[in-house]
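Work through the exercises below with the structure in view. Try each task before reading its solution.

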Amino acid sequence: MTMRPSALLPFPDSTEVTTAGLIIGGLPLMQIADQFQTPLYVYDELSIRARAQSVVSAVSAGPEGSRAAFALKSLSTLAVLRVLQQEGMCADCASVGEIAAALRAGFVGSQLVIHGNAKSEADLLAAIAADAGLVVLDGRDDAERLATLCQRSGRTQDVLVRIAPGIDVDTHRHIATGHHGSKFGMTPAEGAELLRTLPGGLRGRGLHVHLGSQVLDATPMVDAARWLPRFAKSEGIPLDVLDVGGGLGIAYLPGQDNPDPGVHTANLVAVITQVCEEEEIPVPQIIVEPGRSIVGTAGVTLYTVVGIKTVGDGSTWVAVDGGMGDNLRVGLYGGTYAPVLAARPIDPSTGSVRIAGRHCESTDVLVDGIELPEVSIGDVIAVPATGAYHQTMANTYNLFGRPAAVLVGNGDATLITRRETTDELFLRDV
Ligand SMILES: Cc1ncc(COP(=O)(O)O)c(C=O)c1O
């Protein structure tokens with residue numbers, strides 16, 4: 001058995017190479033594809049647990065009550081949420097559906113942090129019904145709507161105010177959120193004013209900031225963590241809780257940085273602690289909200305090759321049985337991947353191919369140019385780093401049912417999401 005070479009680094013922690021091809025969680029991917037069919041999301045339990053443990057342990061160095069809330073938008077499959085709940089994470093939810101998922105997975109209301117830049121009354125009522133620990137306010141309207149509902153039910157809700165501090169991060173502009181002009185949050189001055197003048201029924205606990213996602217250079221996040229306590233002190237606003245969001249990136253390609261979320265969290269806790277000591281203010285409870293950095297590299301998507309052809313410009317298309325229905329990241333923000341053949345992951349390349357999805361859009365291209373060994377119809381292609389923002393963004397375009405998902409570990413694969421059937425596609429049509 002060979003440990004994985006560096007070309008396979010975006011694959012999960014448990015990845016090995018054997019004569020049976022790529023192994024994850026102790027099982028050959030070819031065997032998993034054969035048993036569960038493709039397209040298929042495969043999640044490595046070991047990778048998920050390891051990252052959750054490191055973040056939970058790092059944040060617990062903060063004052064009592066400090067916590068790591070997993071961002072359900074990145075992956076909300078119940079079996080994975082149960083694993084994260086067991087590892088001591090809390091839950092960051094941004095809709096009625098995500099609140100329901102968290103509760104079904106075993107999180108309790110006090111563990112929920114509720115988000116959303118356009119929360120509906122239904123979202124807010126779900127938060128109240130769940131007895132959510134914190135609601136993060138995105139603006140004054142949000143505050144007033146929540147306050148009305150709380151007053152009606154005689155409840156006092158703990159809230160944070162989300163501010164966009166005007167700090168830019170190096171990521172795709174579609175996933176930057178903390179800049180001036182962002183649709184998320186308020187300017188620092190407006191946020192402070194809202195905290196000072198909250199309507200009855202709301203108890204202001206502090207600030208929230210989330211600068212963006214897939215951020216590989218964490219310097220701006222550390223800068224924001226350093227700035228926030230000083231800002232709260234200068235404005236004279238409460239800072240019992242400081243939520244510094246998520247956003248740490250992962251490697252999608254071999255050779256890219258793959259920052260450790262535990263180390264990143266420890267840095268944030270250390271910076272906040274230090275600045276509060278310098279400013280002679282109490283260190284707040286610290287909340288972090290990682291999503292991608294917990295589950296991103298734990299996921300691999302398997303596809304079967306259904307067609308191969310060389311076209312007019314001489315390029316070779318390899319068409320697979322999935323695409324933008326299970327991976328929206330390519331179309332949304334030019335996501336890049338380094339797939340391999342599951343049976344022959346380290347065989348030498350015989351040339352560059354383009355991997356086409358099956359959907360009726362010219363932009364449905366999973367990888368536009370990758371060196372692979374000779375590809376044949378029926379081969380299984382394994383695309384790494386697809387654990388976050390893939391299954392949650394899956395759709396039924398062209399009326400293909402959404403893929404199944406399995407959790408692998410210790411030589412076992414457990415079906416955690418059934419493949420969507422054609423009949424299920426019509427359940428909502430009346
Ligand atoms: C408020 C908030 N918290 C946490 C996250 C999770 O981000 P990531 O998956 O990049 O860690 C997001 C994602 O955009 C977010 O909007």
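**Exercise 1.** Is Tyr389 buried or exposed?

Solution. The model is a predicted one. The relative accessible area of Tyr389 is 11%. Buried means under 20%, so Tyr389 is buried. Its place in the chain is the loop between strand 19 (380-384) and strand 20 (404-409). The backbone of Tyr389 has a phi near 60 degrees, a positive value in a residue other than glycine. Tyr389 is also one of the residues that come nearest to the ligand.

**Exercise 2.** Describe the backbone and the burial of Gln214.

Solution. Start with the backbone: phi of Gln214 is near 55 degrees, which is positive although the residue is not glycine. Next, locate Gln214 in the loop between strand 11 (202-208) and helix 8 (219-235). Last, take the relative accessibility, 11%, by which Gln214 counts as buried.

**Exercise 3.** Which residues of the shell come nearest to the ligand, and what polar contacts can be listed?

Solution. Around the ligand there are 15 residues, and those that come nearest are Ser213, Gly247, Glu289, Arg292 and Tyr389. By class, the shell divides into 3 nonpolar, 7 polar and 5 charged residues.

Now take the contacts one at a time:

- Glu289 places a polar side-chain atom 2.7 Å from a nitrogen atom of the ligand.
- Gly247 has a backbone N or O atom 2.8 Å from an oxygen atom of the ligand.
- Gly291 has a polar backbone atom 2.9 Å from an oxygen atom of the ligand.

The final step concerns area: the ligand taken alone exposes 390 Å², and the protein buries 93% of that.

**Exercise 4.** How many disulfides does the whole structure hold, and where does Cys150 stand?

Solution. A disulfide is a covalent bond between the sulfur atoms of two cysteines. A search of the whole structure gives 0 disulfides. For Cys150, the nearest cysteine sulfur belongs to Cys93 and is 17 Å away. The cut-off for a disulfide is 2.5 Å. Cys150 is buried, because its relative accessibility is 0%. Cys276 also counts as buried, with a relative accessibility of 0%.

**Exercise 5.** What is the geometry of the aromatic pair Tyr41 and Tyr43, and of the pair Tyr252 and Tyr337?

Solution. A pair of aromatic rings is described by the distance of the centres and the angle of the planes. The structure holds 3 aromatic pairs, and two are worked here.

For Tyr41 and Tyr43, the ring centres are 6.4 Å apart and the planes lie at 15 degrees, so the pair is stacked. Tyr41 is buried at 1% relative accessibility, and Tyr43 is buried with a relative accessible area of 1%.

For Tyr252 and Tyr337, the centre-to-centre distance is 5.8 Å and the angle between the planes is 90 degrees, an edge-to-face pair. Tyr252 sits in the loop between strand 12 (241-243) and helix 9 (261-279), and Tyr337 in the loop between helix 11 (329-333) and strand 16 (340-341), so this pair ties together parts that are 85 residues apart in sequence. Both Tyr252 and Tyr337 are buried.

**Exercise 6.** Which residues does the cis peptide bond with omega of about -5 degrees join?

Solution. The cis bond joins Thr38 and Pro39. To place the bond in the chain, look for Pro39, which lies in the loop between helix 1 (29-36) and strand 5 (40-44).

Notes:
Residues numbered from 1 in each chain as written. Predicted model: local features only at pLDDT ≥ 70, side-chain atom pairs only at ≥ 80, totals over all residues. Heavy atoms only, no water. Near = heavy atom within 4 Å. Polar contact = N/O pair within 3.5 Å; in protein donor to acceptor, adjacent residues only side chain to side chain. Areas by Shrake-Rupley, 256 points an atom, 1.4 Å probe, with all protein chains shown as cover. Nonpolar A, V, L, I, M, F, W, Y, C, P; charged D, E, K, R; others polar. Buried < 20%, exposed > 50% of the residue type's maximum accessible area, 1.4 Å probe, protein only. Phe/Tyr/Trp six-rings, centres within 6.5 Å; stacked < 30°, edge-to-face > 60°. Helix = DSSP H or I, 4+ residues; strand = E, 2+ residues; numbered from the N terminus.
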